[in-house]
Amino acid sequence: MKTAEIAQRYLTFFEKNDHLIVPSASLVSDDPTLLFTVAGMVPMIPYLTGVVPAPHPRIADVQKCIRTNDIEEVGRTARHGTFFQMLGNWSFGDYFKEGAIRYAWELLTSSEADGGLGFDEKDLWVTVYETDDEAEAIWRDIIGLKPERIQRLGRADNYWNTGQPGPGGPDSEIFFDRGPAYGQDGGPAVDDNRFLEIWNLVFMQDFIENIRGKTEFDIVGELPQKNIDTGMGLERVAFLKQGVENMYESDQVRPVLDRAIEISGRPYGEVHEDDVRFRVVADHVRSSLMLLSDGVRPSNEGRGYILRRLMRRTVRSMRLLGVDVPTFPELFSTSRDAMKIAYPVLETDWTALSTAAFAEEETFLRTLAQGSTILDLALDETKKSGQATLAGSEAFLLHDTYGFPIDLTLEVAEEQGLSVDRAAFDALMQEQRIRAKEDARSRKRQLADVSVYRDLRAEGETVFSGYDELETESRVL
Ligand code: ATP
Ligand code: MG
Ligand code: MG
Ligand code: MG
């Protein structure tokens, strides 16, 4: 079953059950505190809080999402994309726990011939919040799920809130058991790789206050209007239905993976680190394309910075797969073709999108070429002076002034039989971060494009911890 068909079945099912179908909002969220739309509920916040009356008490949609905080997982787990689509249904003061659970179960388990997704109920498990007897009873007594298939978990896993005083509530999640080949027995409480989360049903019922931490807060009352907020990962359902190993091999992503394999001439499925790189490329190309199509352009701050990082990690990954010539023309057009049925705008806006993507790749390839020349000189000098270690300050200069990634410095040095003084490099990075943070506080910056990283860290940190991400990069790439 193709991804587009799963989305269609979802919408048809909820439309039939009196939901108003609305189009996806932009990836660029209206909420100034959020860089991107990270979940289907983001554009629904005004309706959920009651600030704006909902156009209908029941809504459903397919929402484009970006989650940069999942970047470390991309290509390593089966289930995390930086871009993905969340199928969502909402009730604003209308149906509550029983309705949400019944709808989810019916859609998942009714046969394909009946318009359902045709999951076998033998493969499904659920979790509920530890004190949510009501939800557990619905699963057990109304749905008829065996009690051992229902697990209770605490706040960290099964309680939703925004981190602010206001609405909160328990949730119930549905998992697919991929089988013993994928991990140990014991349900989702034990293994989140074998037991793959597909759908989260949030029951917004409480008013919470006194927020002291993610799981430290007081439930002080009930909401006057109880709401349902659900989110199901379209790509997760797609890859399970398609019988492939992970979301990067599902039909909207796989063509880019295949194109990268072809271009590199390396095999897929033999060397783990190469496989991760192929999957990172497939994921990041698609995310970049979708961000471009929502009007984001690569730059040195905010959303543009994230886009730039995604594109540059793609270039780095391809390079580590042995390709140092431009690949965006092929990879991006492949992603466009895989996504355009769902997003025809990719084709109509192609000229503008592709121009921006290809220019970014060329700029970064020039940066890499320039950095390589400087690095070769520094390595020669090091050898001539009889040292076996490149000074941390040289690695830092390359990184800081030329935007030349540290992992690349490490790699090239190693090729030439030298090491790099990583401790000194890290210390300089740390100093730089502190400086950048102070700078960012004291002035609003106008950034030149010469350096990729210089001056960026402060912006990055306000976004999703630029440094962690750089660290990640050296690990992932
Ligand atoms: P996980 O625990 O697997 O990281 P999550 O609990 O963070 O998922 P939710 O915030 O509950 O996910 O989002 C609702 C649904 O959206 C999930 O059940 C999943 O199907 C899907 N989803 C979440 N994050 C991603 C992602 N990075 N890529 C693809 N699908 C995702
Ligand atoms: Mg997650
Ligand atoms: Mg989860
Ligand atoms: Mg979840």
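Buried means under 20% relative accessible area, exposed means over 50%, and partly exposed is in between, with a 1.4 Å probe and protein chains only. This is a predicted model, in which local features need pLDDT of at least 70 and side-chain atom pairs count only at pLDDT 80 or more, while totals for chains, interfaces and linings use all residues. Residues are numbered from 1 along each chain as its sequence is written, chains are lettered from A and ligands numbered from 1 in the order in which they are written, and side-chain values use heavy atoms, with hydrogens and water left out.

**Exercise 1. Two loop residues**

Task: State where Asp18 lies, and whether Asp18 is buried, partly exposed or exposed. Do the same for the place and exposure of Asn210.

Solution:
- Step 1. Asp18 sits in the loop between α1 (3-16) and β1 (20-21); helices (H or I, at least four residues) and strands (E, at least two) are DSSP runs, numbered from the N terminus.
- Step 2. The relative accessible area of Asp18 is 44%, so this residue is partly exposed. Asp18 is not a glycine, yet its phi is positive, about 65°.
- Step 3. Asn210 belongs to the loop between β8 and β9 and is partly exposed at 47% relative accessibility. Asn210 has a positive phi as well, about 60°, and is not a glycine.

**Exercise 2. The magnesium ions**

Task: Find the protein donors of the magnesium ion (ligand 4), and say which residue bridges this ion and the magnesium ion (ligand 3).

Solution:
- Step 1. Donors are N, O and S atoms within 2.8 Å of the metal (3.2 Å for Na, K and Ca); water is not among the atoms, so sites may look incomplete.
- Step 2. For ligand 4, the protein donors are Glu173 (OE) and Glu197 (OE), at 2.0 to 2.2 Å.
- Step 3. Glu197 is the bridge between ligand 4 and ligand 3, two magnesium ions 3.1 Å apart.
- Step 4. Glu173 is in strand β7 (residues 166-177) and Glu197 in strand β8 (residues 195-209); the pair is 24 residues apart and links distant parts of the chain.
- Step 5. Glu173 is buried at 8% relative accessible area, whereas Glu197 is partly exposed at 25%.

**Exercise 3. The shell around ligand 1**

Task: Describe the residues around ligand 1 and name the strand that gives the most to the shell.

Solution:
- Step 1. A residue is near a molecule or strand if one of its heavy atoms lies within 4 Å of it. There are 17 residues around ligand 1, and Asp70, Arg79, His80, Glu197 and Arg236 come nearest.
- Step 2. By class, the shell holds six nonpolar, five polar and six charged residues. Ala, Val, Leu, Ile, Met, Phe, Trp, Tyr, Cys and Pro count as nonpolar, Asp, Glu, Lys and Arg as charged, and the others, Gly among them, as polar.
- Step 3. β3 (83-92), β8 and β9 (218-233) each supply at least two residues; β8 gives the most, with four.

**Exercise 4. Glu235**

Task: Locate Glu235 and list the residues that Glu235 touches.

Solution:
- Step 1. Glu235 is in helix α6 (residues 234-241) and is buried, at 2% relative accessibility.
- Step 2. Not counting residues up to four places away in sequence, Glu235 touches Phe83, Phe84, Gln85, Met247 and Arg286; contact means heavy atoms within 4.5 Å.
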